[in-house]
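Hi there,

Here is the structure I promised to pass on to you. Please have a look at it first, and then read my notes underneath.

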Amino acid sequence: QVQLVESGGGLVQAGGSLRLSCATSRTIFSINTMGWYRQAPGKERELVATITSGGGTNYAGSVKGRFTISRDNAKNTVYLQMNSLKPEDTAVYYCNAYRVVTGLNYHYWGQGTQVTVSS
């Protein structure tokens, strides 16, 4: 079991920045991939960025060059630095942890944090 606690959401003007944090209840090395997803009203949840236990990263095309995912192993925390925010980035952002245990796949989700970008 993995508990995830997100923080850092809020209201920001277009062009501004926010940093989201996701603290995990397990050592981050036991988690295959950590990621951020988002869901805007009336839309499906979509991938924003992921980072593997080996440090490899992946980004959605819409955020590449503006968002950066990183992690602090000592704090078992993953971050999402969001710069040059746009109104279309407005969504609830969810932290995700993906583990493979004895061949079975497990996904864990945080409670979500609201990000609102005003124009």
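Below are my notes on a sheet, a loop residue and a group of charged side chains.

One thing to keep in mind throughout: this is a predicted model.

Let me start with the sheet. Four strands make up an open sheet, and their order is S1-S3-S8-S7, with antiparallel pairing. At the edges sit strand S1 (4-7) and S7, each of which has a pairing partner on one side only. On average, neighbouring strands in this sheet are turned by 15 degrees against each other, ignoring direction. Looking at one pair in detail, S7 and S8 are joined by six bridges in the antiparallel sense. If you want a place to check the register, Ile 69 stands opposite Leu 80 in S8.

Now to the loop that connects these two strands. Asn 76 is located there, between strand S7 (67-72) and strand S8 (77-82). Is Asn 76 buried or exposed? Its relative accessibility is 19%, and because the cut-off for buried is under 20%, Asn 76 counts as buried. Leaving aside residues up to four places away in sequence, Asn 76 is in contact with Cys 22, Ala 23, Thr 24, Arg 26, Thr 27 and Ile 28.

The part I would like you to look at most is the set of salt bridges. The count comes to three, and Arg 38, Glu 46, Arg 66 and Asp 89 are linked by them in a network.

Going through the network pair by pair:

- Arg 38 and Glu 46 meet through their side chains at 2.7 Å, N to O. Arg 38 is buried, at 6% relative accessible area, whereas Glu 46 is partly exposed, at 37%.
- Arg 38 also forms a salt bridge with Asp 89, with 2.9 Å between the closest N and O atoms. This pair links distant parts of the chain, 51 residues apart: Arg 38 belongs to strand S4 (residues 33-39), and Asp 89 to the loop between S8 and strand S9 (91-101). Both Arg 38 and Asp 89 are buried.
- Asp 89 and Arg 66 make a salt bridge at 2.8 Å, N to O. Arg 66 lies in the loop between strand S6 (57-59) and S7, while Asp 89 is in the loop between S8 and S9, so this pair ties together parts 23 residues apart in sequence. Asp 89 and Arg 66 are both buried.

Happy to talk any of this through whenever it suits you.

Best wishes

How values were computed: Residues are numbered from 1 along each chain as its sequence is written. This is a predicted model: local features need pLDDT of at least 70, side-chain atom pairs count only at pLDDT 80 or more; totals for chains, interfaces and linings use all residues. Side-chain values use heavy atoms; hydrogens and water are left out. Buried means under 20% relative accessible area, exposed over 50%, partly exposed in between (1.4 Å probe, protein chains only). Contact means heavy atoms within 4.5 Å. Two strands pair if DSSP finds at least two bridges between them. Axes are lines fitted to C-alpha atoms, for helices over the stretch in contact, and angles run from 0 to 180 degrees between N-to-C directions. A salt bridge is a side-chain nitrogen of Lys or Arg within 4 Å of a carboxyl oxygen of Asp or Glu.
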